[in-house]
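Please open the structure in the viewer and keep the selection panel at hand. The tour below proceeds from one selection to the next.

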Amino acid sequence: MIVRELELGLDAFEGPFDLLLTLVLKEELELAEVDVAGIVLQFIERLAERDELDLEACGEFLILVSALLELKARGLFPDESAELSELEPEEAAEELARRLEEYRRMKEAAAWLVERLADERDRFFRLGPAPLAPQPERRLAQQDPETLAVALRALAVEPPRVSLAHMELTYPPVAQFLERFRSMLRRRSVLDFDTELAGSSRVEQAVAFLALLELRRANEIAISQAAPFAPIRIRRAEQEISSSNERTPRWTVHSG
Amino acid sequence: MDRPLRLVAANPLDQLARTLEALLVVSTAPLTVEDLCAATEEDPERVETALGLLTERFGEGRSGIVLERVAGGWALRASRDAAEACGRLFERPVQRNLSQAAMETLAIVAYLGPCTRPAIARIRGVAADSAVAGLVERGLIAESGRDHGIGGAVRYRTTPLFERVFGLESMSQLPRLDDLGDDVDEIRERLHAVAEQRTA
């Protein structure tokens, strides 16, 4: 099969492939309108009519069609069209050959590298990041030293002292207040709890209150209060209690 | 006591050779003669002589480690006899599974670099993005500036690791481009023959 004589029936062109190429190269036919895929199809159809593959024809066809595609591609991209528009067939062929040559060489260079890599298969060496490479610089945003000072100052403040006072509390004995209330009630029949205890510490007041409850329990006094949180009134009980009835207070509070 | 002492107090060149040996063991990349001079504070001539001593001592077949001249410097590697054992213990991710596209891209960068992705694509006829990215990741090629002009494309060149992996003393060991592509002339003749028929 002679590729050049391949009869084509395309929208834009009808006749032998040979003529199509000539017209295209002489710019008498707009290549942009030629359906290259159609040419390929018609070639393959013709090829299929034969029993055996015509390698020679295939090779030639490939070269011609790739040349055609190259020209068409360039025609479609106006930037590079100026470069080729004036080209004679000889020059176009040369341009194509140059491109093919370039790729061909690189392909062979790649093959050489593949072979080389295979030869070096049994070469083991230590790998690591290049130690002499400059370390990438870590850039920080601009900082204000005053901001840092403020932050540090907040941390430098001495923390509030934890109170350990409760561990040292000592409770005065309830008996002491029992005696105190009794002696006062001997002189006066009515007492005001708050007034009597004014100036005492909270702990003393608490123990004094316990003494009060103790006295009430023993019926020595009567306690009254007008309203919640109102002053507590202490009144000597009606019946005199003999000293023999006195008991040692059961309420005792010890300091922890 | 005299004899062993004399042996230990080796001549200064042997002392230098030992220091070089130590430097080469510590380094993960080939060291140039300049690197070695700087570290030992010796002059190049003496360093070269000492390296000569070491090359003999650490030759293929003599020792488990071999001193080789590679990627423009000197480096230690495992002897080829030990390759099988090394292979059972270590992977070689840089070399493994390099595709045809990667090899062609590598060849283009090696010969024409620094070159851009569009330049690679123009020669190979297909986009080179993924091949380039893969080679960068393996460390075989690296960025090397940009094309001139505004928005110039990034250019790539091969790295010292490329030379090392392919066992090249230097890039000049690559075959000359002119020696490649024997059948190019044949293609050219055929193309011209076709063109002549067109003009006829």
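Select first the contact between the two chains of this predicted model. It draws 37 residues from chain A and 36 residues from chain B. On the side of chain B that touches chain A, five elements of chain B may be highlighted in turn: strand E2 (73-78), helix H5 (83-89), helix H6 (100-112), helix H7 (117-124) and helix H10 (184-199), each of which supplies at least two residues. Which of them gives the largest share? That is H10(B), with 10 residues. Colouring this side of chain B by class shows 21 nonpolar, 7 polar and 8 charged residues.

Next, remain in chain B and select helix H3 (residues 33-40) together with helix H4 (residues 44-57). Their axes are 9 Å apart, and the two helices pack at an angle of about 105°. Because angles of 65 to 115 degrees count as roughly perpendicular, H3(B) is described as roughly perpendicular to H4(B). Show the side chains where they meet: B:Val33, B:Leu36, B:Cys37 and B:Thr40 belong to H3(B), while B:Pro44, B:Val47 and B:Glu48 belong to H4(B). By class, this contact has 5 nonpolar, 1 polar and 1 charged residues.

Finally, select chain A as a whole. Its secondary structure consists of 9 helices and 5 strands, and tracing the chain along the sequence gives the pattern β-β-α-α-α-α-α-α-α-β-α-α-β-β. Chain A has 256 residues, of which 18% count as buried. Among its contacts between residues at least 6 apart in sequence, 60% join residues at least 24 apart.

Terms used: Residues numbered from 1 in each chain as written. Chains lettered and ligands numbered in written order. Predicted model: local features only at pLDDT ≥ 70, side-chain atom pairs only at ≥ 80, totals over all residues. Contact = placed C-beta atoms within 7 Å. Helix = DSSP H or I, 4+ residues; strand = E, 2+ residues; numbered from the N terminus. Nonpolar A, V, L, I, M, F, W, Y, C, P; charged D, E, K, R; others polar. Buried ≥ 20, exposed ≤ 12 C-beta atoms within 10 Å, placed from the backbone. Axes fitted to C-alpha atoms, helices over the stretch in contact; angles between N-to-C directions. Parallel < 35°, antiparallel > 145°, perpendicular 65-115°, else oblique.
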